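Work through the exercises below with the model open beside you. Each task is followed by a solution in steps.

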Amino acid sequence: MVEYMERDSRLGLCPARAPRGGSSMKVWKRAIGAVTAGALLAASLAGCSGDGTYSADMAEYAYEKGAPSLCQAYEDYFQVGAAINPRDLEEGSDRYKIIDKQFNVFTLENGTKAENIHPQEDVYDFEATDQLVEYGQANGKTVRGHTLVWYSQCPEWFFLDDQGNQVSAEVLIQRMKEHITTIVSRYKGKIHTWDVCNEVLDDSFGLRQSEWLNIIGDYDGDGDSYDYIEIAFQTAHEADPDARLILNDYSLEANGNKAITMYNMVKQLLEEGVPIDGIGLQMHIDYETDLDAMDRCMRVLGRLREIDPDFVLEVTELDMSCFTWNDTSTQRELTEEFVQQFDEKYCQVLSLLMDYAQEGLLDTVVFWGYDDGSSWLNEYPVEGRTNHPLLIDRELKFKSAYWALMNLPQQRAAQAAQEE
Ligand SMILES: [Ca+2]
Ligand SMILES: [Ca+2]
């Protein structure tokens with residue numbers, strides 16, 4: 001924080017810490033107007049260290065020692081993280097310098113998914129996950145494990161016997177328990193948080209159809225079919241009682257039906273004693289994301305704290321597409337107007353998340369990647385498009401969105417101070 005504050009004072013800004021508390025929806029609405037000025041400020045700040053032009057050597061500037069970092073800027077609110085891949089951990093590389101400096105919580109984008117870590121019944125491949133865990137241990141970083149039980153990127157052997165027939169519920173439960181126990185035990189005390197189950201809900205209403213659901217079903221006969229989720233969380237909890245266990249899903253911040261379905265299900269599971277510590281909101285949003293809907297959904301999920309006061313929300317896969325869902329185009333012209341809208345939306349979203357953090361509802365925000373060139377959104381939902389959903393561009397240069405987010409905590413603090 002020290003170096004950043006020195007830069008601030010050079011520019012005559014008060015680096016006051018954001019006060020705790022404060023009302024929620026009002027704050028981000030007020031903060032919006034300050035963002036453009038913030039972007040200009042960021043440009044001049046960046047220019048201070050270079051030859052006066054905004055883009056010159058930005059990447060080098062932003063990860064040099066003493067330059068600001070995202071996780072420092074938000075340290076009073078939440079940890080800031082990124083999904084990464086093994087190449088990011090090559091010490092000394094530009095990518096390593098960026099992730100090591102900017103983030104304090106990490107998820108492997110693919111390495112811990114079942115198809116990679118447990119490709120065959122008797123074959124585990126821990127290499128990528130071990131590498132991240134070792135890095136985390138050596139550098140004081142929080143590591144998230146993603147993910148133990150998911151309908152996708154899960155090898156077929158889980159669900160089939162030697163003859164290629166579907167296995168019984170008993171066999172699948174046994175395999176799931178072995179999978180979870182082996183992995184969670186190996187990283188006991190080292191992987192802080194597990195996305196135990198991923199994407200268990202349907203987009204319209206109720207549970208998603210999956211082999212996990214269809215084979216295990218209402219195994220205990222109590223009238224619900226949450227059994228595979230219940231068993232997964234119990235098993236993970238037994239393997240590492242101190243790990244934070246998360247139920248992760250998408251569109252919870254946008255789809256009210258889904259948020260309410262999640263609330264009702266988790267409420268029942270908590271009341272039955274299932275050890276769920278929180279909900280992970282993937283938060284794959286776009287530049288037109290409806291913030292009022294987001295706030296309503298977050299408030300619904302936040303009510304789970306009435307049942308468990310320690311219940312948390314995490315943002316686990318944040319990125320912001322330059323295309324709305326129905327837009328099938330492959331290119332987005334980055335006009336000044338669009339970039340400004342994009343940066344403002346990112347600030348508004350982060351400002352909302354800071355509100356929840358101040359209320360103790362949320363303590364972790366993880367981006368799904370960090371550079372536009374590596375984002376999955378270049379291939380999904382439209383293949384071969386050029387998307388720009390993150391804070392660092394294809395040349396590993398820091399975008400204006402990055403600088404806008406860097407300035408946001410101070411702007412909020414300044415706004416709050418003005419009102420006192
Ligand atoms: Ca049941
Ligand atoms: Ca039950």
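**Exercise 1. The two faces of a strand**

Task: State which residues of β5 lie on each side and whether they are buried or exposed.

Solution. On one side of β5 are R244, I246 and N248, and on the other are L245, L247 and D249; all are buried, so that both faces are covered. A residue is buried if 20 or more other C-beta atoms lie within 10 Å of its own, exposed if 12 or fewer, and partly exposed in between, with C-beta atoms placed from the backbone. Strand β5 covers residues 244-249, and because six of its six residues are buried, the strand is largely enclosed by the rest of the structure. Strands (E, at least two residues) and helices (H or I, at least four) are DSSP runs, numbered from the N terminus.

The model is predicted: local features need pLDDT of at least 70, side-chain atom pairs count only at pLDDT 80 or more, and totals for chains, interfaces and linings use all residues. Residues are numbered from 1 along each chain as its sequence is written, while chains are lettered from A and ligands numbered from 1 in the order in which they are written.

**Exercise 2. Strand neighbours**

Task: Find which strands pair with β5, and in what sense.

Solution. Two strands pair if DSSP finds at least two bridges between them.
- Step 1. Strand β4 (residues 193-198) pairs with β5 in the parallel sense, over five bridges.
- Step 2. Strand β6 (residues 278-281) is joined to β5 by four bridges, and these two strands also run parallel.
- Step 3. I246 of β5 is the bridge partner of D195. I246 also has G278 of β6 as a bridge partner.

**Exercise 3. Packing of α13 and α14**

Task: Describe how helix α13 and helix α14 pack, and which residues make the contact.

Solution.
- Step 1. Helix α13 (residues 336-358) and helix α14 (residues 400-419) have axes 9 Å apart, at an angle of about 40 degrees. Axes are lines fitted to C-alpha atoms, for helices over the stretch in contact, and angles run from 0 to 180 degrees between N-to-C directions.
- Step 2. Angles under 35 degrees count as roughly parallel, over 145 as roughly antiparallel, 65 to 115 as roughly perpendicular and the rest as oblique. α13 and α14 are therefore oblique to each other.
- Step 3. The crossing of α13 past α14 is right-handed. A crossing is right-handed if the near helix is turned clockwise from the far one by less than a right angle, and left-handed if anticlockwise.
- Step 4. From α13 the contact takes V339, F342, D343, Y346, C347, L350, S351 and M354; from α14 it takes S400, A401, A404, L405, L408 and R412. Two residues are in contact if their C-beta atoms, placed from the backbone, lie within 7 Å.
- Step 5. By class, this contact has 10 nonpolar, two polar and two charged residues. Ala, Val, Leu, Ile, Met, Phe, Trp, Tyr, Cys and Pro count as nonpolar, Asp, Glu, Lys and Arg as charged, and the others, Gly among them, as polar.

**Exercise 4. Packing of α8 and α10**

Task: Repeat the analysis for helix α8 and helix α10.

Solution.
- Step 1. The axes of α8 (residues 169-186) and α10 (residues 227-239) cross at roughly 35 degrees and come within 9 Å.
- Step 2. α8 and α10 make a right-handed crossing.
- Step 3. α8 contributes I173, M176, K177, I180, T181, V184 and S185, and α10 contributes I231, A232, T235, A236 and A239.
- Step 4. The contact of α8 with α10 divides into eight nonpolar, three polar and one charged residues.

**Exercise 5. Backbone details**

Task: Locate the cis peptide bonds at T147 and P381, then the positive phi values at Q153 and S251.

Solution.
- Step 1. H146 and T147 are joined by a cis peptide bond with omega of about 0 degrees. T147 lies in strand β3 (residues 142-150).
- Step 2. The bond from Y380 to P381 is cis, with omega near -5 degrees. P381 is in the loop between β9 and α14.
- Step 3. Q153, in the loop between β3 and α8, has phi near 50 degrees. Q153 counts as exposed because it has 12 C-beta neighbours inside 10 Å.
- Step 4. S251, in the loop between β5 and α11 (256-271), has phi near 65 degrees. S251 is buried, with 20 other C-beta atoms within 10 Å.
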